[in-house]
Amino acid sequence: MTQQLYLITPPKFDLDEFAKTLANTLDAGDVSCVQLRLKEASDDEIRKACAVLRPIVQDRDIAFVLNDNPTLAKELACDGVHVGQEDTPYKKAREIMGKDAIVGMTCHDSKHMAMVAGEQGADYVAFGAFYPTQTKEPKSKAEPWILEWWTSMFEVPCVAIGGITDENATPLLEAGADFIAVCGGVWDHPDGPEEAVKKFTALLNS
Ligand SMILES: Cc1ncc(COP(=O)(O)OP(=O)(O)O)c(N)n1
Ligand SMILES: Cc1nc(C(=O)O)sc1CCOP(=O)(O)O
Ligand SMILES: [Mg+2]
């Protein structure tokens with residue numbers, strides 16, 4: 001499997017404007033997954049955002065994953081859900097989503113959490129935060145060795161997240177990250193999101 005870009009939506013956006021930006025951004029390069037992550041939105045706001053954004057993503061054969069809420073992810077025909085250690089437990093999330101959906105799990109910088117998630121059947125394990133981030137107050141600091149260790153031991157794909165930009169992603173790719181998950185590094189890129197995705201695409205294909 002080639003290494004891939006996993007895009008996280010900005011924490012807040014104007015839906016009409018963001019829908020156009022997202023479409024242009026996805027058309028600028030290779031993105032394999034988009035996660036809708038709206039921590040402060042109501043369920044109805046998430047429903048509205050999903051109704052507009054999911055087709056933009058899925059029409060391009062890109063997986064559309066919802067953060068945190070498997071019940072809404074199932075209702076809204078998302079391709080998957082991402083759950084953290086304090087969210088719906090993996091087994092419950094899988095029960096709700098069904099066997100074919102993507103269920104990814106946060107594992108911070110913990111070998112133990114990742115082994116449990118992998119054994120339970122998670123489709124990917126996410127390690128982070130690798131770098132300082134403006135997007136959230138991270139609960140842990142991860143180092144590239146955990147990606148090397150994971151990929152040397154297990155087949156389940158791993159995601160690197162936290163403060164990743166096109167300028168600092170290389171050590172994570174060299175350590176074997178299957179996906180790099182990026183929010184600010186795309187949406188806040190000094191040259192704009194389309195240029196950011198072009199740069200990540202070039203990096204991932206180099
Ligand atoms: C791909 C990916 N990795 C990690 C996270 C973080 O999830 P979580 O720990 O539940 O924190 P919140 O994102 O819910 O604040 C993620 N969302 N996506
Ligand atoms: C959502 C999230 N989870 C993290 C973790 O460490 O689990 S870091 C993070 C923020 C990702 O956004 P950015 O690319 O802007 O840093
Ligand atoms: Mg969460």
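**Helix packing and ligand shells in a predicted model**

Q: Helix H1 and helix H9 (residues 193-204) pack at an angle of about 25°, with their axes 8 Å apart; what does that make H1 relative to H9?
A: H1 is roughly parallel to H9, because about 25° falls in the class of angles under 35 degrees (over 145 is roughly antiparallel, 65 to 115 roughly perpendicular, and the rest oblique). The angle is taken from 0 to 180 degrees between N-to-C directions of lines fitted to C-alpha atoms over the stretch in contact. This is a predicted model, in which local features need pLDDT of at least 70 and side-chain atom pairs need 80 or more, while totals for chains, interfaces and linings use all residues. Residues are numbered from 1 along each chain as its sequence is written, chains are lettered from A, and ligands are numbered from 1 in the order in which they are written.

Q: Which residues make the contact of H1 with H9?
A: Thr 21, Asn 24 and Thr 25 of H1 meet Pro 193, Glu 194 and Val 197 of H9, contact being C-beta atoms, placed from the backbone, within 7 Å. These residues divide into 2 nonpolar, 3 polar and 1 charged, where Ala, Val, Leu, Ile, Met, Phe, Trp, Tyr, Cys and Pro count as nonpolar, Asp, Glu, Lys and Arg as charged, and the others, Gly among them, as polar. The crossing of H1 and H9 is right-handed (the near helix is turned clockwise from the far one by less than a right angle).

Q: What makes H1 and H2 roughly parallel to each other?
A: H1 (residues 15-27) and H2 (residues 43-58) pack at about 20°, with their axes 10 Å apart. They are therefore classed as roughly parallel. Their crossing is right-handed. In the contact, Leu 15, Ala 19, Leu 22, Ala 23 and Leu 26 of H1 face residues of H2 including Lys 48, Ala 49 and Val 52; by class there are 10 nonpolar, no polar and 1 charged.

Q: How many residues surround ligand 1, and which are the closest?
A: There are 17, the closest being Gly 84, Thr 106, Ala 126, Ile 161 and Ala 181; a residue is included if its C-beta atom, placed from the backbone, lies within 6 Å. The shell has 5 nonpolar, 7 polar and 5 charged residues. Strands S5 (102-106), S6 (124-128) and S7 (158-161) each supply at least two of them (strands are DSSP runs of E, at least two residues; helices are runs of H or I, at least four).

Q: What surrounds ligand 2?
A: Its shell holds 16 residues, with Gly 128, Thr 133, Thr 135, Cys 183 and Gly 184 the closest. They comprise 7 nonpolar, 8 polar and 1 charged. The peptide bond from Gly 128 to Ala 129 is cis, with omega near 0°, and Ala 129 lies in the loop between S6 and helix H6 (145-153).

Q: Where does UniProt place the feature "binding site"?
A: The unreviewed entry gives Asp 68 and Asp 87. They span 20 residues in sequence, yet no two of their C-alpha atoms are more than 6.1 Å apart, so they gather at one spot. Such annotations may be inferred rather than shown by experiment. Asp 68 sits in the loop between strand S3 (63-67) and helix H3 (70-75).

Conventions
Contact = placed C-beta atoms within 7 Å.
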